[in-house]
Amino acid sequence: MELEDNYTYLKMVAFDGVPLENVIQDLSITEYKRLSHEGYNFNNLKRQKIQDDPSF
């Protein structure tokens, strides 16, 4: 949900001309912080297209 919500806000900035400062406070990093505290290595992520998934 966090990723979906953040994506919605960033689409507003990219495509609807909403200033970033109007949405920056609404962006969430809760999951990023949780994973970081658990020791997840974000450097292992590979740059590639996310596969289509019906839940998206």
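Buried means under 20% relative accessible area, exposed means over 50%, and partly exposed lies in between. The exercises below use a predicted model.

**Exercise 1. Classify Phe42 by its accessibility: buried, partly exposed or exposed?**

Solution.
- Take the relative accessible area of Phe42, which is 27%.
- Apply the cut-offs: under 20% is buried and over 50% is exposed.
- Phe42 is therefore partly exposed.

**Exercise 2. Find what ring partner Phe42 has, and describe the pair.**

Solution.
- Start with the total: the whole structure holds 2 aromatic pairs.
- In one aromatic pair, Phe42 meets Tyr40.
- A ring pair is described by the distance of the centres and the angle of the planes.
- For Tyr40 and Phe42, the centres lie 4.9 Å apart and the planes make an angle of 70°.
- Planes over 60 degrees apart count as edge-to-face, so the pair of Tyr40 and Phe42 is edge-to-face.
- Check the exposure of Tyr40: its relative accessibility is 39%, so Tyr40 is partly exposed.
- Widen the view: Tyr32 joins Tyr40 and Phe42 in one aromatic cluster.

**Exercise 3. Work out which residues Arg34 binds through salt bridges.**

Solution.
- The count for the structure is 2 salt bridges.
- Arg34 forms a salt bridge with Glu31, with the closest N and O atoms 2.7 Å apart.
- Place these two residues: Arg34 and Glu31 both sit in helix H3. They are 3 residues apart, about one turn of the helix.
- Arg34 also meets Glu38 in a salt bridge, at 2.9 Å from N to O.
- Now join the pieces: shared partners link Glu31, Arg34 and Glu38 into one network.
- Compare each residue with the cut-offs. Arg34 has a relative accessible area of 38%, so it is partly exposed. Glu31, at 33%, is partly exposed. Glu38, at 57%, is exposed because the cut-off is over 50%.

**Exercise 4. Locate the nonpolar patch on the surface and place Leu20.**

Solution.
- The nonpolar patch is formed by Leu10, Leu20 and Ile24.
- Together these residues offer about 250 Å² of accessible area.
- Leu20 belongs to helix H2, which covers residues 20-23.
- With a relative accessible area of 39%, Leu20 is partly exposed.

**Exercise 5. Place Ile50 along the chain and in space.**

Solution.
- Along the chain, Ile50 falls in the segment after H3.
- Its relative accessibility is 59%, so Ile50 counts as exposed.
- Ile50 and Met1 are 49 residues apart along the chain.
- Their C-alpha atoms are separated by 16 Å.

**Exercise 6. Describe the overall fold and dimensions of the protein.**

Solution.
- Count the elements: the protein has 3 helices and 0 strands.
- Read them from the N terminus: the order is α-α-α.
- Next, the dimensions. The C-alpha atoms fill a box of roughly 35 × 25 × 20 Å along the principal axes.
- The radius of gyration is 14 Å, whereas a compact globule of 56 residues would have one near 10 Å.
- Of the 56 residues, 5% count as buried.
- The accessible surface is about 5,500 Å², and 53% of it belongs to carbon and sulfur atoms.

**Exercise 7. Find where confidence is lowest and where it is highest.**

Solution.
- Begin with the average: the protein has a pLDDT of 91.
- At least 70 is the score of 98% of the residues.
- Confidence is lowest in helix H3 (residues 30-37), at a mean of 94.
- Confidence is highest in H2, at 96.

Note on methods:
Residues numbered from 1 in each chain as written. Predicted model: local features only at pLDDT ≥ 70, side-chain atom pairs only at ≥ 80, totals over all residues. Heavy atoms only, no water. Patch = residues over 30% accessible without salt bridge, like charges linked within 9 Å, V, L, I, M, F, W, Y side chains within 5 Å. Areas by Shrake-Rupley, 256 points an atom, 1.4 Å probe, with all protein chains shown as cover. Salt bridge = Lys/Arg side-chain N within 4 Å of Asp/Glu carboxyl O. Helix = DSSP H or I, 4+ residues; strand = E, 2+ residues; numbered from the N terminus. Buried < 20%, exposed > 50% of the residue type's maximum accessible area, 1.4 Å probe, protein only. pLDDT = per-residue confidence, 0-100. Phe/Tyr/Trp six-rings, centres within 6.5 Å; stacked < 30°, edge-to-face > 60°. Rg over C-alpha atoms; globule rule 2.2 N^0.38 Å.
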